[in-house]
Amino acid sequence: MLEDLAERTDPATEARDARSQDAPAGAGILHPDRNLALELVRATEAAAIRATPWIGKGRKNDADGAAVDAMRAFLATVDFDGVVVIGEGEKDRAPMLFNGEHVGTGRGPACDIAVDPIDGTSLTAAGRQNALSVIAVSDRGTMLDASSVFYMDKIVTGPEGAGVVDIRRPVGENLRALAHALGKDVGELRVAVLDRPRHAELIAQIRDAGAGTRLMLDGDVAGGINAARHDTRIDACIGIGGSPEGITTACAIKALGGFMQARPAPRDAAERERAVSGGTDPDRVYGLDDLVASDNTIFVATGVTDGGLVDGVRREGPIIHTSSIVLRGTSGTVRRITAEHLVSKWW
């Protein structure tokens with residue numbers, strides 16, 4: 001339930017936190033905290049609920065626009081000083097929360113934000129599984145601004161991958177090393193990959209190594225999270241996906257104790273030059289701490305459609321049901337939140 005998110009504190013701690021929230025900028029160190037996580041869930045819930053009328057309607061921009069408007073409206077009520085470091089929408093000309101946009105009341109902790117009101121707009125439009133509404137937050141100045149490059153090549157595993165796999169090595173070599181670290185035969189590995197023409201060779205290499213693939217139509221944030229979790233059948237998530245999704249995933253991996261590497265994947269010489277001008281090294285391999293330099297991260301996601309990570313929005317008579325997940329880096333906790341909303345309050 002929603003109450004599970006807020007850990008119990010004594011009255012003295014609550015009073016101190018209240019004074020900190022009311023303090024002017026610079027009057028003390030304010031960081032994203034557990035109470036902020038609950039407020040962010042309200043924003044992803046709103047985005048997911050507003051997108052549901054468009055599920056299966058074939059109009060992804062309408063779904064995305066409804067989610068963006070709802071998320072922006074709810075974020076405006078949250079007591080924090082948020083700046084969207086990396087947003088979604090530019091690469092496909094969709095509605096968006098734009099890079100550099102300030103959200104929140106301006107009071108409270110100063111935060112970097114990565115947002116994706118719908119990770120999986122095509123999934124939503126087609127009525128397929130695994131569409132999510134996502135927000136990730138970290139301390140101000142700690143998220144890599146990779147907005148000058150639309151795509152990243154990445155590899156995500158559980159903690160067993162640290163010091164074992166490297167994105168610069170051949171895929172087969174990495175999978176054999178990971179299988180050894182996991183105590184598995186390579187034939188038991190399952191690797192999540194976006195089902196795209198650009199990944200045809202990658203998919204062939206994974207299968208040639210003896211591993212199996214889990215091809216994703218969209219939504220590689222969920223793929224990365226499932227690769228880092230201990231209770232899924234996914235052992236790794238590999239391939240090129242969006243830069244916003246890469247930074248968002250990194251915030252989640254911080255809480256899961258997993259391993260992640262990424263490198264920019266410019267599509268052409270012009271984008272490569274733009275990356276260099278924007279301060280992103282297209283030849284560098286970025287580790288998890290390079291992607292997000294703080295361990296004080298919050299990742300929240302609410303299901304739009306059903307998926308392996310969370311259930312989608314469901315309406316039963318006068319009630320709307322939502323399912324969300326909250327990952328917090330400082331405590332390494334994973335919390336699941338289910339909520340019931342009165343339809344009459346939404347429509």
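Student: Starting with F74, is this residue buried, partly exposed or exposed?
Tutor: F74 counts as partly exposed because its relative accessibility is 23%; buried means under 20% relative accessible area, exposed means over 50%, and partly exposed lies in between, with a 1.4 Å probe and protein chains only. Keep in mind that this is a predicted model, in which local features need pLDDT of at least 70, side-chain atom pairs count only at pLDDT 80 or more, and totals for chains, interfaces and linings use all residues. Residues are numbered from 1 along each chain as its sequence is written, and side-chain values use heavy atoms, leaving out hydrogens and water.

Student: OK, and how many aromatic pairs are there?
Tutor: The count comes to one aromatic pair, by a rule that takes rings of Phe, Tyr and Trp (its six-membered ring) with centres within 6.5 Å, and calls planes under 30 degrees apart stacked, over 60 edge-to-face and the rest tilted. F74 and W346 form that pair, which is stacked, with 6.0 Å from centre to centre and 10° between the planes.

Student: Where do those two lie?
Tutor: F74 belongs to helix α3 (residues 60–75) and W346 to the segment after β14 (333–342), so the pair ties together parts that are 272 residues apart in sequence. Helices (H or I, at least four residues) and strands (E, at least two) are DSSP runs numbered from the N terminus.

Student: Is W346 buried or exposed?
Tutor: W346 counts as buried because its relative accessible area is 14%.

Student: Switching to sheets, what is the strand order in the open one?
Tutor: The open sheet has six strands in the order β7-β6-β8-β5-β9-β10, with mixed pairing, where two strands pair if DSSP finds at least two bridges between them. At its edges are β7 (212–216) and β10 (286–287), each pairing on one side only.

Student: Which helix packs on that sheet?
Tutor: Helix α7 (residues 220–228) does, touching β5, β6 (190–194), β7 and β8 (236–242), where a contact means heavy atoms within 4.5 Å.

Student: What about β4, which strands pair with it?
Tutor: Strand β3 (residues 110–119) pairs with β4 in the antiparallel sense over seven bridges, and strand β11 (residues 298–303) also pairs with β4 in the antiparallel sense, over six bridges. Two facing positions help to place them: C111 stands opposite D139 in β4, while V134 stands opposite A301 in β11. Strand β4 (residues 132–139) is mostly covered, with eight of its eight residues buried.

Student: Then there's D112 in β3; why does D112 count as buried?
Tutor: D112 counts as buried because its relative accessibility is 3%. The D112 side chain reaches the backbone nitrogen of T142 at 2.9 Å, a polar contact being a pair of N or O atoms within 3.5 Å; within protein, one must be able to donate a hydrogen and the other to accept it, and residues adjacent in sequence count only if both atoms are side-chain atoms.

Student: Last topic: how many residues make up the largest nonpolar core?
Tutor: That core has 40 residues, and those with the most contacts inside it are I225, I247, L291, F299 and L327; a nonpolar core is a set of buried Ala, Val, Leu, Ile, Met, Phe, Trp, Tyr and Cys residues joined through side-chain atoms within 4.5 Å. Helix α8 (residues 243–256) gives the largest share of this core, seven residues. A second, separate core has 38 residues, including A47, A63, F80 and V137.

Conventions. Axes are lines fitted to C-alpha atoms, for helices over the stretch in contact, and angles run from 0 to 180 degrees between N-to-C directions.
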